[in-house]
Amino acid sequence: MPAIQPVVMVVDEKAKDYAESSAPIRQELSGPPIHATNEMHRFATPWTVARAKSKLLDDCNLEPGIILDPACGSGTQLAALCANLNQPGLGVELSGAVAPLAAINLERCGDWAEDGSNWSESSRILWGNGIDANEILQIYREHSESTLPISLLHVDPARPPDAQQHSLSEMQPPLDKLLSAWAPLMPPQAALILDLSPRLSDTQREEVAAIVSTIWPNSPMTWQWMTQGRGRIDRLSLWVGPAACPQPNRLVRLNKSGDFSGIFTGESEPTVVNQKDVEIGEHLTITDPCLIASGLAESWKKIASMSEPRWDVVTGRRPTLISSEPILSTFHELHVSEKTYEMVFSFVQISGEVVAYIPELEIHLIQEIAQKAGDLGLSSLKLRCALNPELQPKLQSKIDREMRNISQQNASNPGFIAEANNGYLICKEHDSPAP
Ligand SMILES: C[S@@+](CC[C@H](N)C(=O)[O-])C[C@H]1O[C@@H](n2cnc3c(N)ncnc32)[C@H](O)[C@@H]1O
């Protein structure tokens, strides 16, 4: 890439007119106004997520200083970090179309906060290559007259769009070059947050950790998986140095409004699968796949149930735990703190008692299945198993119709159909607290 001279983006009337005409304002209910084109919006961190990530730094001992984002895109994550830490930001963006919008977004966010903080006064966005560390810092210092050290480097590199898998070298800017360029300009105990693709393999995670520990040997690191409970890993990030928490792995569950409904930390251990035929009367719990990905499933299981639980399925979007009692229901488990209780249930998608087997799940059998569910006192049946995406809605609407037809007066319990080692099962849903 040819060297480009970094330029400070000035927020003047001309820049504002450009933003109004090229990228309409998008504003989440609880967030600041953000200018973003459709393309930027696809990659921008939603405000609720950006704010939650910044709040995770509240317990960290970060030195006061500049928050650097050398590939800042819309500037949303940078703005959330600056606003929460009340520290100035330095963002760098390679795209000449995006950089002026990021500068306006950062300024608007400073005004929107209305809390008297002045972090946006010495914040700057530069149009340039985030790898040109020396030039960027020099221009920033001349322009802002700030002599503060860099206290945190956050980066969310661009990756190939829609790629299920990609190599580390495809990240832009490349992590190794970026971190080596900034390391000499940062304090020895650097705080970093590296936002990575949730699809990185374990080997790729090791490669990222090796890049960091080559540059900052012995720096503590925490891998973080973030989930919003939609049966997938929403975000994967590596927190380094003062940004790390005392444990190597952290799992964070956010609710719809971006508040934490569960944070679970620990050390990774392999998940033990024990597939036995599931019996009627056993309890089936579909958990968040992040539990497995984070290596924290075994530690979570020990808190969730003492009644000999076993993992029946650990792959895909519906890891399934089988236990002889509902989770957190025995005497000892009932005495856990409210926080632990919430944490355990925040990683549960659904749980219930197994009440019947279904030999096959086919459209011509739905009437029979619905009749069986109705006879067992169930008022509804939701499909909670992997099905062909074209078939799933057809089956579900036929189930809903049939359940309405046979609806029994006294049937009030919702149910669901899950899949375990020995086939499809009808379950009576437990009324556990929804996370
Ligand atoms: C995933 S987006 C960042 C999104 C950002 N977290 C947000 O909240 O909007 C990555 C950004 O890095 C920019 N980028 C890629 N290579 C860069 C480089 N060498 N220097 C600076 N920015 C770069 C891309 O143009 C893109 O806007």
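The following exercises, each with a worked solution, examine a predicted model of a protein chain with a ligand.

Residues are numbered from 1 along each chain as its sequence is written. In this predicted model, local features need pLDDT of at least 70, side-chain atom pairs count only at pLDDT 80 or more, and totals for chains, interfaces and linings use all residues.

**Exercise 1. The chain as a whole**

Task: Describe the protein chain by its elements, its extent and its burial.

Solution.
- Step 1. Helices (H or I, at least four residues) and strands (E, at least two) are DSSP runs, numbered from the N terminus. The protein chain has 14 helices and 19 strands.
- Step 2. The C-alpha trace spans about 75 × 50 × 40 Å along its principal axes.
- Step 3. A residue is buried if 20 or more other C-beta atoms lie within 10 Å of its own, exposed if 12 or fewer, and partly exposed in between, with C-beta atoms placed from the backbone. Of the 435 residues in the protein chain, 43% are buried.
- Step 4. Two residues are in contact if their C-beta atoms, placed from the backbone, lie within 7 Å. Among contacts between residues at least 6 apart in sequence, 71% join residues at least 24 apart.

**Exercise 2. The two domains**

Task: State the bounds of the domains and describe the side of domain 1 that touches domain 2.

Solution.
- Step 1. Domain bounds come from an automatic or database domain assignment. The chain is divided into domain 1 (7–266) and domain 2 (283–429).
- Step 2. The centres of the two domains, taken over C-alpha atoms, are separated by 38 Å. To their contact, domain 1 contributes 14 residues and domain 2 contributes 17 residues.
- Step 3. On the side of domain 1 that touches domain 2, strands S9 (221–227), S11 (249–254) and S12 (260–266) each supply at least two residues. S12 gives the most, with five residues.
- Step 4. Ala, Val, Leu, Ile, Met, Phe, Trp, Tyr, Cys and Pro count as nonpolar, Asp, Glu, Lys and Arg as charged, and the others, Gly among them, as polar. This side of domain 1 has five nonpolar, seven polar and two charged residues.

**Exercise 3. The shell around the ligand**

Task: Identify the closest residues around the ligand and classify the shell.

Solution.
- Step 1. A residue is near a molecule or strand if its C-beta atom, placed from the backbone, lies within 6 Å of it. The ligand is surrounded by 23 residues, of which the closest are Ala 44, Ala 71, Gly 73, Ser 74 and Gly 130.
- Step 2. Helix H4 (76–85) and strand S5 (89–93) each supply at least two residues of this shell.
- Step 3. By class, the shell has 12 nonpolar, nine polar and two charged residues.

**Exercise 4. Helix H4 and the loop after it**

Task: Determine how many residues of H4 are buried, and then describe Asn 86.

Solution.
- Step 1. H4 is mostly covered, with 10 of its 10 residues buried. Among them are Thr 76, Leu 81, Cys 82 and Leu 85.
- Step 2. The buried residues of H4 pack against several elements, including helix H3 (47–55), strand S4 (66–69) and S5.
- Step 3. Just after H4, Asn 86 takes a positive phi of about 50°. Asn 86 is placed in the loop between H4 and S5.
- Step 4. Asn 86 is partly exposed, because 13 other C-beta atoms lie within 10 Å.

**Exercise 5. Two crossing helices**

Task: Describe how H1 and H5 are arranged and which residues meet.

Solution.
- Step 1. Axes are lines fitted to C-alpha atoms, for helices over the stretch in contact, and angles run from 0 to 180 degrees between N-to-C directions. The axes of H1 (residues 13–22) and H5 (residues 99–113) come within 10 Å and cross at roughly 105°.
- Step 2. Angles under 35 degrees count as roughly parallel, over 145 as roughly antiparallel, 65 to 115 as roughly perpendicular and the rest as oblique. H1 is therefore roughly perpendicular to H5.
- Step 3. Ala 15, Lys 16, Tyr 18 and Ala 19 in H1 meet Pro 100, Leu 101, Ala 103 and Ile 104 in H5. This contact has seven nonpolar, no polar and one charged residues.

**Exercise 6. Backbone details in two loops**

Task: Describe the peptide bond between Gln 172 and Pro 173, and then the backbone of Asn 218.

Solution.
- Step 1. Gln 172 and Pro 173 are joined by a cis peptide bond, with omega about -5°. Pro 173 lies in the loop between strand S7 (150–155) and helix H7 (175–182).
- Step 2. Asn 218, a residue other than glycine, has a positive phi near 65°. Its place is in the loop between helix H8 (202–215) and S9.
- Step 3. Asn 218 counts as exposed because it has 7 C-beta neighbours inside 10 Å.
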